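I opened the notebook to record what I looked up in this structure. The entries follow the order in which I checked things.

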Amino acid sequence: MHSLNMHSLNLHSLRDRAHHLINTLTDEELEVMWTVMQTHYYDLYMLGEIQSAKENFKPGDLLTHEGAIDLLKMLRSPQNTL
């Protein structure tokens with residue numbers, strides 16, 4: 001429990017420091033910072049999704065190119081229309 005409290009305090013400290021930093025930036029600096037942070041946010045999001053996919057991947061989850069074409073043909077055949 002102690003490490004959880006320390007982690008929470010560290011995050012709180014980082015949030016306070018980030019808030020203070022943001023308040024010291026000019027509008028132009030803030031726009032640049034936003035672009036940089038947004039790019040890193042998307043990168044972190046994608047890395048998390050890639051890691052999740054790696055952890056949840058099971059054999060057979062992927063199709064070969066030929067398998068995908070065959071599946072598309074089957075799905076588009078007249079007998080499979082709604």
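Which residues make a nonpolar surface patch of about 790 Å²? I found Tyr41, Tyr42, Leu44, Tyr45, Met46, Leu47 and Ile50. I note at the start that the model is predicted.

**Entry: a residue of the nonpolar patch**

I took Met46 from this patch and looked up its element, which is helix 2, residues 27–56. Is Met46 buried, exposed or in between? I read a relative accessible area of 46% for Met46, so I logged the residue as partly exposed. A residue needs over 30% to be counted in a patch, and the 46% of Met46 meets that because it is over the cut-off.

**Entry: the overall fold**

I counted three helices and zero strands in the protein chain. Read from the N terminus, the order of elements is α-α-α. How does the radius of gyration of the protein chain stand against the globule rule for 82 residues? I noted 24 Å, well over the 12 Å of the rule, so the chain is more spread out than a compact globule. For the extents, I wrote down a box of roughly 65 × 40 × 25 Å along the principal axes, filled by the C-alpha atoms.

**Entry: burial and surface**

I then checked burial and found that 2% of the 82 residues count as buried. The exposed area of the protein chain came to about 8100 Å². Carbon and sulfur atoms supply 63% of that area.

**Entry: charge**

I have 6 positive and 11 negative charges down for the protein chain. Their mean positions lie 11 Å apart. Where on the surface does negative charge gather in a patch? I found it at Asp27, Glu28, Glu29 and Glu31. I followed up on Glu31, which belongs to helix 2, the helix that also holds Met46. Glu31 has a relative accessible area of 57%, so I put it down as exposed; the cut-off for that word is over 50%.

**Entry: helix 1 and two distances**

I moved to helix 1, residues 2–24, and picked His12 there. His12 is partly exposed, at 48% relative accessible area. I also checked His12 against Asp27, a residue of the negative patch: they are 15 residues apart along the chain, and their C-alpha atoms are separated by 25 Å.

Ala18 is in helix 1 as well. I recorded a relative accessible area of 35% for Ala18, so it too goes down as partly exposed. How far apart in space are Ala18 and Leu72? I noted 50 Å from C-alpha to C-alpha, with their positions 54 residues apart in sequence.

Key:
Residues are numbered from 1 along each chain as its sequence is written. This is a predicted model: local features need pLDDT of at least 70, side-chain atom pairs count only at pLDDT 80 or more; totals for chains, interfaces and linings use all residues. Side-chain values use heavy atoms; hydrogens and water are left out. Patches are made of residues with over 30% relative accessible area and no salt bridge: like charges are joined within 9 Å, nonpolar side chains (Val, Leu, Ile, Met, Phe, Trp, Tyr) within 5 Å. Accessible areas come from the Shrake-Rupley method with a 1.4 Å probe; for residues, only the protein chains shown count as cover. A salt bridge is a side-chain nitrogen of Lys or Arg within 4 Å of a carboxyl oxygen of Asp or Glu. Helices (H or I, at least four residues) and strands (E, at least two) are DSSP runs, numbered from the N terminus. Buried means under 20% relative accessible area, exposed over 50%, partly exposed in between (1.4 Å probe, protein chains only). The radius of gyration is taken over C-alpha atoms; the globule rule is 2.2 Å times the number of residues to the power 0.38. Lys and Arg count as positive and Asp and Glu as negative; His and the chain ends are not counted. The place of a charge is taken as NZ of Lys, CZ of Arg, CG of Asp or CD of Glu.
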